[in-house]
Amino acid sequence: MAINFPNPARSYEPARNCVRFWGHDRAMEVVFFLDEDAIFKIAPQTVRGEPGILKAFDLARDRIQAVAARVYAASRGRHSFPLVAADF
């Protein structure tokens, strides 16, 4: 079964400079950490700070989740995955 993203929740983690979001592979929850640099690569016009970064994430959610699914498929079995600018 492929990973899916039924929960639209996401949060900004300033200590890690990333957006955390979740996917599910059957009953297993998988955590993704989208690096802030990846957001600025996807949406260079992003306003710095939590509101701007979360807005950019929401606007690019489909693309981000597609990349997350590809990264996950390449390395199943782990419970967390960093996503960096090079993944995009």
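Contact here means heavy atoms within 4.5 Å. The model is predicted.

**View 1. Contacts of Leu-34.** By that cut-off, Leu-34 touches Asn-17, Cys-18, Val-19 and Phe-21. Its contacts also include Ile-39, Phe-57, Ile-64, Leu-83 and Phe-88. Residues up to four places away in sequence are not counted.

**View 2. The largest nonpolar core.** This core holds 27 residues. Leu-34 is among those with the most contacts inside it, along with Phe-21, Phe-32, Ile-64, Leu-83 and Phe-88. Two or more core residues come from each of E2, E3, helix H1 (36-42), H2, helix H3 (61-74) and E4. H3 gives the largest share, five residues.

**View 3. The open sheet.** Four strands line up in the order E1-E2-E3-E4. Their pairing is mixed. Strands E1 (10-13) and E4 (80-83) each have a single partner strand, so one side of each is left without a neighbour in the sheet. On average, neighbouring strands are turned by 25° against each other, direction ignored.

**View 4. The pairing of E1 with E2.** Strands of a sheet pair through backbone hydrogen bonds, either parallel or antiparallel. E1 and strand E2 (residues 18-25) run antiparallel. Four bridges join them. One bridge partner pair is Ser-11 with Arg-20, the latter in E2.

**View 5. Helix H2 across the strands.** H2 spans residues 50-59. This helix lies across E1, E2 and strand E3 (28-35). H2 runs at about 140° to E1. H2 is also one of the elements that give two or more residues to the largest nonpolar core.

Technical notes. Residues are numbered from 1 along each chain as its sequence is written. This is a predicted model: local features need pLDDT of at least 70, side-chain atom pairs count only at pLDDT 80 or more; totals for chains, interfaces and linings use all residues. Side-chain values use heavy atoms; hydrogens and water are left out. Two strands pair if DSSP finds at least two bridges between them. Axes are lines fitted to C-alpha atoms, for helices over the stretch in contact, and angles run from 0 to 180 degrees between N-to-C directions. A nonpolar core is a set of buried Ala, Val, Leu, Ile, Met, Phe, Trp, Tyr and Cys residues joined through side-chain atoms within 4.5 Å. Buried means under 20% relative accessible area, exposed over 50%, partly exposed in between (1.4 Å probe, protein chains only).
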